[in-house]
Amino acid sequence: MRIAIQSWLDERFGLQAIMDFLKKKTVPQHKHTIWYYSGSSILLFLAIQVITGFMLAFYYKPTLEEANKSVARIMTEVPLGWIIRSVHFWSSSFMIALVFIHLIGIWLVKSYRNPRELTWMSGVFLLIVTLGFGFTGYLLPWDDLSLSATKVGTDIPRSIPVIGAWVTKFLRGGDDVTGDTLTRFFSFHICILPIFIFLIIAVHVYLIQKQGMSLPLAVEIKKEKVREIPFWPNFIYREMIVWLILLGVVFSLAVFFPPSLDKQADLMAPAPEGIKPEWYFLFLFQTLKIFPAKILFVSGDTVAVLLIALVGVLFFFLPFIDSKPSETKGKILTLIAYAFIAYAVAMTAWSLLE
């Protein structure tokens, strides 16, 4: 019976062909192999986000009157609701952190070089969409802190010449953060961004399978034969060990450090002091703060936002800028990667200590 069912499914889905491909696929073994685990871990946390997100959506109500109350009910009345929300919160942070780590790792080992430029660019799109999930999800509890932080965050694009005011109005659904903003962010969070992220991941995974796993530049230059292990089951088993460790950390944090919920947001109340975004935006937030009010008759915020946008564009086209990674320019860009890491850590620490 079991063999008959397997044969029936294989005839329609080609499962045996997929298994044959996975068994033939190999993974290079070298001192940089650890970076390979970050990609699959991103998919792990995306799966957790989808599952816990579905559970939360059953009880969440995206209205001014009910948003905060529905989150409170999830935490206090729904069986295991508090742990589901906490896991969703922490897995979001881990997913964003792993996307950052994944891209920085690729930058350091130069794995974006020809012909893998599009793989890198799809990864940058993945980072943008993942940050979009974090930004839109932050408002949904509809408490004082999330309301004020969203006002600050959606006001930043206003500094962009020509299109800035329109971008701010588009994000808010009006001139100010209101119930329309809450509904719009909820729609982004559960409808629009999921479509984008699944499309991007499909393209990203396809490109990886088509081009294969790249060797780090340092390994390739040595021209030594690299040991390889089968993807299935050897590498999968090793990945599962990493997944179990990460799951243990996330569930421990979710149990012992669940996210808080402040009182329901008041649209007329003044913003509380010391408003700060989530940790993954802190270095950008602090960067905006260090610019003076005016720079040569131009708003300091405008200069800062345009510089950040320029850095983002250069980051996106990095494979084309670093077209010869083994030469001097490539080594300079590697030093810039380390400088960027140091800068982001320093700005984040500075913001937290203020």
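# A guided tour from helix 6 outward

Begin by selecting helix 6, residues 117-139: its 23 residues reach 35 Å from the first C-alpha to the last, close to the 33 Å expected at 1.5 Å a residue. The model on display is a predicted one. Colour the helix by accessibility, and it proves mostly covered, with 18 of its 23 residues buried. Leu-127 is a suitable residue to select within helix 6. Its relative accessible area is 8%, so Leu-127 is buried, the limit for that class being under 20%. For a sense of scale, draw a distance from Leu-127 to Lys-263: the two C-alpha atoms are 31 Å apart in space, and the residues are 136 apart in sequence.

**The loops at either end of helix 6**

Move next to the loop between helix 5 and helix 6, where Lys-110 is found. Lys-110 has a positive phi of about 65°, although it is not a glycine. Is this lysine buried or exposed? With a relative accessible area of 3%, Lys-110 is buried. Pro-115 lies in the loop between helix 5 and helix 6 as well. Select Asn-114 together with Pro-115 to display the cis peptide bond that joins them, with omega at about 10°.

Now go to the loop between helix 6 and helix 7, which is the place of Trp-142. This residue, too, is not a glycine and yet has a positive phi, here of about 50°. Trp-142 is buried, its relative accessible area being 1%.

A cis peptide bond also joins Trp-232 and Pro-233, with omega at about 0°. Pro-233 is found in helix 11, residues 231-256.

**Aromatic rings**

Display the side chains of the aromatic residues. The structure holds 19 aromatic pairs. In one of them, Trp-107 and Phe-340, the ring centres are 6.4 Å apart and the planes stand at 40°; the pair is therefore tilted, a class that lies between the limits of 30 and 60 degrees. The pair links distant parts of the chain, for Trp-107 belongs to helix 5 (residues 81-109) and Phe-340 to helix 15 (residues 328-353), 233 residues apart. Trp-107 is buried, with a relative accessible area of 6%, whereas Phe-340 is partly exposed at 28%.

For a second pair, select Trp-166 and Phe-170. Their ring centres are 5.4 Å apart and their planes meet at 10°, so this pair is stacked. Why are these two residues separated by about one helical turn? They are four residues apart in helix 8, residues 164-172. In an α-helix there are 3.6 residues a turn, so residues three or four places apart point the same way. Trp-166 counts as exposed at 57% relative accessibility, and Phe-170 is partly exposed at 36%.

Keep Phe-170 on screen and add Arg-184, which lies over the face of the Phe-170 ring at 5.5 Å from the ring centre. A comparable view is obtained by selecting Lys-25 and Phe-231: Lys-25 lies over the face of Phe-231, at 5.6 Å from the ring centre.

Return to Trp-107 and Phe-340 and extend the selection to Tyr-112, Trp-120, Phe-283 and Phe-315; together these six residues form one aromatic cluster.

**The second largest pocket**

Switch to a surface view. Rolling a probe the size of a water molecule over the atoms shows where empty space is left. The second largest pocket has a volume of about 1,000 Å³. Which residues lie nearest its centre? Select Leu-56, His-88, Gly-137, Leu-140 and His-189, which hold that position among the 38 residues of the lining. To see the surrounding elements, highlight helix 3 (36-57), helix 4 (67-76), helix 5, helix 6, helix 7 (144-155) and helix 9 (179-211), each of which supplies at least two residues of the lining. Coloured by class, the lining of this pocket shows 23 nonpolar, 11 polar and four charged residues.

**A last stop**

Finish at Ala-293, placed in the loop between helix 12 (282-289) and strand 3 (294-295). Ala-293 counts as exposed because its relative accessibility is 66%, and the class begins at over 50%. A distance drawn from the C-alpha of Ala-293 to that of Val-303, 10 residues apart along the chain, comes to 9.9 Å.

Definitions and conventions. Residues numbered from 1 in each chain as written. Predicted model: local features only at pLDDT ≥ 70, side-chain atom pairs only at ≥ 80, totals over all residues. Heavy atoms only, no water. Expected span 1.5 Å × (residues − 1). Buried < 20%, exposed > 50% of the residue type's maximum accessible area, 1.4 Å probe, protein only. Phe/Tyr/Trp six-rings, centres within 6.5 Å; stacked < 30°, edge-to-face > 60°. Lys NZ or Arg CZ within 6 Å of the ring centre and 35° of its normal. 1 Å grid on protein atoms, 1.4 Å probe; cavity = no way out; pocket = protein on both sides within 12 Å on 5 of 7 lines; lining within 4 Å. Points joined across faces, edges and corners; volume = space filled by probe spheres on them. Nonpolar A, V, L, I, M, F, W, Y, C, P; charged D, E, K, R; others polar.
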